[in-house]
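Trainee: I've got the sequence and the model open, and I'd like to walk through a few spots with you. Can we take it piece by piece?

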Amino acid sequence: MFEKILIANRGEIACRVIRTCRTLGIRTVAVYSEADADAQHVRQADEAYPIGGPRPAESYLRGDAIIEVARRAGAQAIHPGYGFLSENADFADAVEAAGIAFIGPKAASMRKMGSKAGAKELMQAAGVPVVPGYTGEDQDSSLLQREADAIGYPLMIKAAHGGGGKGMRIVRESAEFAANLESCQREARNAFGRDRVLLERYVERPRHIEIQIFGDSAGQVIHLNERECSAQRRYQKVLEESPSPFLTPELRAQMGAAAVQAGHAIDYVNAGTVEFIVGQDGGFYFMEINTRLQVEHPVTELVTGLDLVEWQLRVAAGEPLPLAQDAIVQRGHAIEVRLYAEDPEAGFLPGSGKLERLRLPAADAHVRLDSGVIEGDTVTIFYDPMIAKLIVSDADRPRALARLRAALAHSEIAGPKSNIEFLERLARHPAVVQGTIDTGYLDRHLDEFMPAAQADEAADADLLAGAAVAELLAQERVTRENAAVSDDPTSPWAIADGWRLGHGGRRSLAFLRRDQRLELSAQGSAGDYRIDGIGAAAVDVRGARLNGDELSLRIDGRARRLRALGDGARVVVHDGERRLRLDAVPVYRHESAAAGGSGNSVNAPMPGRVVVVKAAPGDAVEAGQEVMVIEAMKMELSLKAPRAGTIAEIRAAAGDFVEADAVLATLETA
């Protein structure tokens, strides 16, 4: 076994690899960019070295710099994690040429899978089922149009190189093909440096099933059963689970055998994932092989009881697979979701910034957390905005879903916006609960997962009352603590009940909820209050007690138990199904006559790189017309005209890096 390895990655996956290495007594070497000098993977590794600037091309994609660090540190092997250089065959070759073991498949196997077109042809020849389509090298647009018409619609255009949902478009009729082809090629060029595409028949309402495989240098290949990843948004996985609620035992056996067959076809060694698309009739078709460890590998670990990173290390060190196929068992059910810094209500716009508060459930036998950040760390603009992976398990699927909902209820993120509320609604949605969700469901029915679809005035009123009471109790606690250390701790003026000469103990509260100001007033103290501003009539609260983060109270005679968390700047309450987050603001405010915007500019919503400019000074545009496209955090963002008018200025060109809120275009004054 290795004594020291280098991890050519960052964040959560680097911390994950370090964890296994510690259990095996293997020393770890980390590398880091300028943006990651204080990152957790740097702090957790035994030693760490800087390798360049904040952008991936300046650091984590510099294979030569990484190999040089490995030499200097005396690392015997390099683990690439996922993303960055993990599926780069040239890097794998360079590592081996330097006399260092690469913890992953051979470069030759990667190259066979590096092109979706070549992979599809190879699998078809090996007898693995593939979707009908066109994989040729001739990329003439008129030829591609003819091939698309021959294959039939609906049809998918896919970038031949790359992955992660980039460079993919669904086309439903011939007239839409040319515009989608251009967009797909441009995105593929920007993401992967190559714009070759392939075409294939689009399977309606498909399920996404992937099979974890492992191979060793002796030629053995086995599978570790499946993960279902059908809950997707824009081809990005949102929820992963094992076993699949869709597969029958017969179909599971067939797909496992096909995955092993695919592994043998490319002489596969180490961890890999064979991805299939499955029709409603159970017909399954090869999509691709991810020649690395997957983000969702913990799901497989929890149901098999295996450590896949340990398996990777042992196989890379020349050992045989630890178990044979018939020794692989599957127990219980596991589910994974990813907590992201993103704003679902703003089109899932990625976020960045300091994690002012990061509260996650305690890890135990049923809850696992894989993260690369802690409270106080910063989610940067340069990398994927994932904060943590939350993985739960239990004896069966209903209980695993219950564990997931409970774990999410005990999660809270402040600083950048997060997708926690979206995930909570996802975990309760009938399509997920009943196991019927397909890969396009979220995109077709996204409104069902947004707050407006969950409106419940009675529940909102109880949560708002709970938030107000939590804030009142917190104020009283702080006042008591201050009084205890004052010169006159028994003074009646130190009691935070709002009582003053001339009025009856009324206190005012003000909050912001999604930019909407809420103003309340309360009378009372010590857990007994009369609150105005929640509904048409005053709300009567009695017996409120806050024990840790558990709030118990009676609202108009009904006893409730809520979870409440506050820090003076904000308060979050949760009733086990719904959450309410409020930002505390000053009760008194100055009204500005200049409130609101002019609607005369197109601004960057976040830092990013301009991909294409679609308008020029003097052009007439309609409200909502696309003016510019920027790329940020692996996403293309469409920037549109705020109103109809004429373009006055364009202040950025393709390739420019722009800051958040920068004015990129202006309209002539109406």
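**Strands, cores and a helix**

Mentor: Sure. Keep in mind that this is a predicted model. A good place to start is strands S20 and S22, which pair in the antiparallel sense over five bridges.

Trainee: Which residue in S22 is the bridge partner of Arg 368?

Mentor: Look along the pairing of S20 and S22, which is antiparallel. Arg 368 has its bridge partner in S22, and that residue is Ile 391.

Trainee: And which strands stand at the edges of the open sheet of eight strands?

Mentor: Read off the order, S14-S13-S10-S11-S12-S15-S22-S20, with antiparallel pairing. An edge strand here has a single partner strand, so one side of it is left without a neighbour in the sheet. That gives you strand S14 (284-290) and strand S20 (367-371).

Trainee: By how many degrees are neighbouring strands of this sheet turned against each other on average?

Mentor: Ignore direction for this one and take the average over neighbouring strands. The answer is 25°.

Trainee: Which residues touch the most other members of the largest nonpolar core?

Mentor: That core has 35 residues. Elements giving two or more residues to it include strand S15 (333-340), strand S22 (386-394) and helix H12 (397-409). Apart from it lies another core, of 32 residues, among them Ile 13 and Ile 222. In the largest core, the residues you're after are Ile 387 and Leu 404.

Trainee: What does Ile 387 touch, not counting residues up to four places away in sequence?

Mentor: Start with Leu 339, Tyr 340, Ala 341, Leu 355 and Leu 358, which are among its contacts. The others are Ser 371, Gly 372, Val 373, Val 379 and Ile 413.

Trainee: How many residues of helix H10 are buried?

Mentor: Helix H10 covers residues 297-304 and is mostly covered. Its buried residues include His 297, Pro 298 and Glu 301. Right after H10 comes Gly 305, with a positive phi near 75°. For the helix itself, the count is seven of its eight residues.

Trainee: Last one: is Val 539 buried or exposed?

Mentor: You'll find Val 539 in strand S27 (residues 539-547). Beyond its neighbours within four places in sequence, Val 539 is in contact with residues including Ala 465, Tyr 529, Ile 534 and Ile 555. Its relative accessibility is 9%, and the cut-off for this class is under 20%. Val 539 therefore counts as buried.

Terms used
Residues are numbered from 1 along each chain as its sequence is written. This is a predicted model: local features need pLDDT of at least 70, side-chain atom pairs count only at pLDDT 80 or more; totals for chains, interfaces and linings use all residues. Side-chain values use heavy atoms; hydrogens and water are left out. Helices (H or I, at least four residues) and strands (E, at least two) are DSSP runs, numbered from the N terminus. Buried means under 20% relative accessible area, exposed over 50%, partly exposed in between (1.4 Å probe, protein chains only). Contact means heavy atoms within 4.5 Å. A nonpolar core is a set of buried Ala, Val, Leu, Ile, Met, Phe, Trp, Tyr and Cys residues joined through side-chain atoms within 4.5 Å. Two strands pair if DSSP finds at least two bridges between them. Axes are lines fitted to C-alpha atoms, for helices over the stretch in contact, and angles run from 0 to 180 degrees between N-to-C directions.
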